[in-house]
Amino acid sequence: MTHLVIRKIPWDFEDAGVPFKWQPDNPNFGLFCNAFTFIAVPFERYIVNVVRRAADAWRDDPDVAAEADAFLRQEAQHASAHRKHMLALVQRYPELEWCYVDACRAYDRLLDEQPIEFHAAYIANLEATFTPLFKVFLDNRDSLFGGGDQRVASLMMWHFVEEIEHRSSGLILYRHISPNPWYRTRRIRDTFAHVSAVAHEIAKAFDEVVPFEDRGASAQELMSISLLYGEFMFRGPGGRRRRAGRGGPPTLFSAVPTRELLAMVWRLVLSQAPNHDPADQPLPEWADTWMREYDHGVDMTRFFPTTTR
């Protein structure tokens with residue numbers, strides 16, 4: 001049976017006081033998280049639609065059915081919470097609503113055009129990348145989230161912790177629908193081409209709609225394919241000089257040690273191997289701290305960065 005916990009946390013962004021540049025110390029990280037919100041809402045909606053469409057596939061297996069139900073309910077909670085954050089940003093910049101509308105249309109088209117096996121592979125492929133990526137975020141929480149808006153930081157950290165908690169759910173469902181591990185691998189290019197196209201349109205809208213002083217960096221540069229290449233340009237001999245010559249805000253992973261960044265890249269590559277299982281991945285120890293504090297009744301909507309870590 002599944003061990004996933006459905007946590008209904010009362011997120012509140014209705015006071016319209018949520019800044020777009022919620023992380024002034026690292027505007028690129030703040031932009032990434034804002035884009036994550038605008039992708040998360042339609043993507044979680046897509047997951048819910050896929051899981052519901054595939055319900056007949058696991059009716060003969062109570063364990064898989066329980067996993068699917070808990071996975072769906074966690075993702076529905078994520079969509080609801082990020083929608084509140086998204087609407088607060090749309091209230092400031094109304095034209096950003098088209099980011100959501102267009103992303104939903106992109107996922108609706110995908111849902112109509114592809115078979116259920118493809119959707120299960122898409123979800124499993126993307127979910128497999130979250131553990132190595134979010135481990136880096138949580139392991140470097142002080143440098144990445146510190147100094148940022150407490151509400152947005154707490155929202156993101158909750159989502160990252162729960163993605164790590166249900167890290168194997170997408171693969172469990174995929175394996176039940178399509179036992180062939182190579183089919184998922186063959187869908188890698190299609191998966192990430194689609195995600196990249198959605199992210200590109202969101203980044204383009206950010207740069208067109210939100211004044212530069214309110215975002216502090218270029219969303220299109222951030223979400224470009226050269227993201228990781230640019231990170232490594234400023235490391236090693238002469239890295240500081242090259243960084244000074246570039247100017248502008250810190251890079252997304254500027255505060256992350258090089259060895260951790262290299263480990264993340266390697267694990268991202270491994271996450272797409274046909275026999276990869278996210279259950280075997282190294283996990284951030286702090287995720288247990290977050291879950292323990294939730295169990296103790298702490299207000300998780302403003303959990304970071306004021307509590308003892």
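This passage describes one helix pair, one cavity and one pocket in a predicted model.

A good place to begin is the pairing of helix α4, which spans residues 116–139, with helix α14, which spans residues 258–270. The axes of these two helices come within 8 Å and cross at roughly 165°. Angles over 145 degrees count as roughly antiparallel, and α4 and α14 are therefore roughly antiparallel to each other. The crossing of α4 and α14 is right-handed. On the α4 side, the contact is made by T129, P132, L133, K135, V136 and D139. The partners on α14 are E260, M264, R267 and L268. Sorted by class, the residues of this contact comprise 5 nonpolar, 1 polar and 4 charged.

Attention now turns from the helices to the empty space. Rolling a probe the size of a water molecule over the atoms shows where empty space is left. With a threshold of 30 Å³ or more, the count comes to 1 cavity. The volume of the largest cavity is about 70 Å³. Its lining consists of V50, V51, A54, W58, F71, A120, I123, A124, G170, L173, Y174 and I177. Helices α1 (27–53), α4 and α7 (169–177) are the elements that give two or more residues to this lining. Of these, α7 provides the largest share, with 4 residues. What classes of residue make up the lining of the largest cavity? There are 11 nonpolar residues and 1 polar residue, with no charged residues.

The model also has open space to explore. The largest pocket holds about 1100 Å³ of space and is lined by 34 residues. Those that lie nearest the centre of this pocket are L133, F192, V195, S196 and L227. One of them, L133, was met above as part of the contact that α4 makes with α14. Which helix supplies the largest share of the lining of the largest pocket? That helix is α1, with 7 residues. At least two lining residues come from each of α1, α4, α6 (150–165), α9 (188–209), α12 (227–233) and α14. The helix pair described at the start, α4 and α14, thus appears again among the elements around the pocket. By class, the lining of the largest pocket has 25 nonpolar, 6 polar and 3 charged residues.

Helix α4 links the three parts of this picture. This helix makes a contact with α14, gives two or more residues to the lining of the largest cavity, and supplies at least two residues of the lining of the largest pocket.

Technical notes
Residues are numbered from 1 along each chain as its sequence is written. This is a predicted model: local features need pLDDT of at least 70, side-chain atom pairs count only at pLDDT 80 or more; totals for chains, interfaces and linings use all residues. Side-chain values use heavy atoms; hydrogens and water are left out. Axes are lines fitted to C-alpha atoms, for helices over the stretch in contact, and angles run from 0 to 180 degrees between N-to-C directions. Angles under 35 degrees count as roughly parallel, over 145 as roughly antiparallel, 65 to 115 as roughly perpendicular and the rest as oblique. A crossing is left-handed if the near helix is turned anticlockwise from the far one by less than a right angle, and right-handed if clockwise. Contact means heavy atoms within 4.5 Å. Ala, Val, Leu, Ile, Met, Phe, Trp, Tyr, Cys and Pro count as nonpolar, Asp, Glu, Lys and Arg as charged, and the others, Gly among them, as polar. On a 1 Å grid over the protein atoms alone, a cavity is a set of points where a 1.4 Å probe fits but cannot get out, and a pocket is an open set with protein on both sides within 12 Å along at least five of seven lines; lining residues have an atom within 4 Å of a point. Grid points are joined across faces, edges and corners, and a volume is the space filled by probe spheres set on the points.
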